[in-house]
Amino acid sequence: MQRALELAHTARLAAEVPVGCVLVHEGALLAEAHNLTRTRDDPTAHAELLVLRRAARRLGSARLLGTTMYVTLEPCAMCAGAIVLAKVGRLVFAAADPKSGMCGSLGCIVQDRRLNHRVELTAGVLAEPAGELLRGFFRVRRRGG
């Protein structure tokens with residue numbers, strides 16, 4: 001999660017919403033990314049989706065069984081759905097997202113029993129520094145900075 005926080009800081013410096021994500025497989029870093037939605041003018045360029053794409057290419061498989069994803073903000077519906085489809089084994093996130101989080105806040109796609117895969121879920125790891133980074137980013141944006 002510490003590396004994901006570093007990536008979130010990098011995102012903030014690029015005027016992106018400060019979210020960082022890493023994917024680990026068998027104790028080794030498989031892929032990492034931060035949000036690039038503004039840079040790429042792409043609403044799907046969330047850190048989680050970028051990581052899933054990179055990891056799938058690296059492994060040569062869309063099935064990411066046995067992996068653990070660490071992300072600084074609770075994934076949205078789009079990302080949570082992709083995490084399930086990729087069959088990520090475990091998801092660890094830092095800050096909850098009460099406005100769009102779909103891994104516990106508004107719903108929980110990653111553990112929905114109606115789907116063919118459920119993800120082990122851990123929430124709140126390094127939530128305070130991740131949350132403060134996000135709050136600070138949006139505070140500055142509201143002031144026009």
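# Questions on a predicted model

Colleague: Methionine 78 is found in helix 4; is this residue buried, partly exposed or exposed?
Modeller: In this predicted model, methionine 78 has a relative accessibility of 32%. Buried would require under 20% and exposed over 50%, so methionine 78, with its 32%, counts as partly exposed.

Colleague: Which residues does methionine 78 contact, leaving aside its neighbours within four places in sequence, and how far apart in space are methionine 78 and leucine 59, C-alpha to C-alpha?
Modeller: With those neighbours left aside, methionine 78 is in contact with Pro43, Thr44, His46 and Leu49. Leucine 59 is 19 residues away from methionine 78 in sequence, and the distance in space between the two, taken from C-alpha to C-alpha, is 22 Å.

Colleague: Which residues of helix 4 are buried, and which elements do they pack against?
Modeller: The buried residues in helix 4 are Cys79, Ala80, Gly81, Ala82, Ile83 and Val84. As for their partners, these buried residues of helix 4 pack against helix 3, strand 3 and strand 4.

Colleague: Which residue with a positive phi follows helix 4, and is that lysine buried or exposed?
Modeller: Helix 4 is followed by lysine 87, which is found in the loop between helix 4 and strand 4. Although lysine 87 is not a glycine, its phi is positive, at about 60°. The relative accessibility of lysine 87 is 14%, so that this residue counts as buried.

Colleague: Where does alanine 15 lie, and what is its phi?
Modeller: Alanine 15 lies in the loop between helix 1 and strand 1, and with 46% relative accessibility it counts as partly exposed. Alanine 15 is not a glycine, yet its phi is positive, at about 65°.

Colleague: How are helix 1 and helix 5 oriented towards each other, roughly parallel or roughly antiparallel?
Modeller: Helix 1, residues 2–13, packs with helix 5, residues 127–142, with the two axes 11 Å apart and at an angle of about 5°. Because angles under 35 degrees count as roughly parallel, helix 1 is, with respect to helix 5, roughly parallel.

Colleague: Which residues make this contact, and how do they divide into nonpolar, polar and charged?
Modeller: From helix 1 the contact draws on Leu5, Ala8, His9 and Arg12, while helix 5 supplies Pro129, Ala130, Leu133 and Phe137. Taken by type, the residues of the contact of helix 1 with helix 5 divide into six nonpolar, one polar and one charged.

Colleague: Which members of the largest nonpolar core touch the most other members, and which element gives the largest share of this core?
Modeller: The largest nonpolar core has 42 residues, among which Leu23, Leu52, Met69, Ile83, Val88, Leu91 and Val110 touch the most other members. The elements that give two or more residues to this core include helix 1, strand 1, strand 2, strand 3 and helix 5. The largest share, six residues, comes from helix 3.

Colleague: Which residues does leucine 91 touch, not counting those up to four places away in sequence?
Modeller: Leucine 91 is itself one of the core members that touch the most other members. Not counting residues up to four places away in sequence, leucine 91 touches Met69, Val71, Pro75, Ile83, Cys103, Val110, Val119, Glu120, Leu121 and Thr122.

Colleague: How far apart in space are glutamate 120 and threonine 68, C-alpha to C-alpha?
Modeller: Threonine 68 is found in strand 3 and counts as buried at 15% relative accessibility, whereas glutamate 120, in strand 5, is partly exposed with a relative accessible area of 47%. Outside four places in sequence, threonine 68 touches Val22, Leu23, Val24, Arg90 and Val92, and glutamate 120 is in contact with Gly89, Arg90, Leu91 and Gln111. The two residues are 52 residues apart in sequence, and their C-alpha to C-alpha distance in space is 9.0 Å.

Colleague: How many disulfides does a search of the whole structure find?
Modeller: Cysteine 76, which is buried with a relative accessible area of 15%, has its closest cysteine sulfur in cysteine 79 at 3.8 Å, and this is too far for a bond. Cysteine 108, partly exposed at 27% relative accessibility, is in no disulfide either, with the nearest cysteine sulfur, that of cysteine 103, 5.7 Å away. Across the whole structure, the number of disulfides found is zero.

Terms used: Residues are numbered from 1 along each chain as its sequence is written. This is a predicted model: local features need pLDDT of at least 70, side-chain atom pairs count only at pLDDT 80 or more; totals for chains, interfaces and linings use all residues. Side-chain values use heavy atoms; hydrogens and water are left out. Axes are lines fitted to C-alpha atoms, for helices over the stretch in contact, and angles run from 0 to 180 degrees between N-to-C directions. Helices (H or I, at least four residues) and strands (E, at least two) are DSSP runs, numbered from the N terminus. Angles under 35 degrees count as roughly parallel, over 145 as roughly antiparallel, 65 to 115 as roughly perpendicular and the rest as oblique. Contact means heavy atoms within 4.5 Å. Ala, Val, Leu, Ile, Met, Phe, Trp, Tyr, Cys and Pro count as nonpolar, Asp, Glu, Lys and Arg as charged, and the others, Gly among them, as polar. A nonpolar core is a set of buried Ala, Val, Leu, Ile, Met, Phe, Trp, Tyr and Cys residues joined through side-chain atoms within 4.5 Å. Buried means under 20% relative accessible area, exposed over 50%, partly exposed in between (1.4 Å probe, protein chains only). A disulfide is a pair of cysteine sulfur atoms within 2.5 Å.
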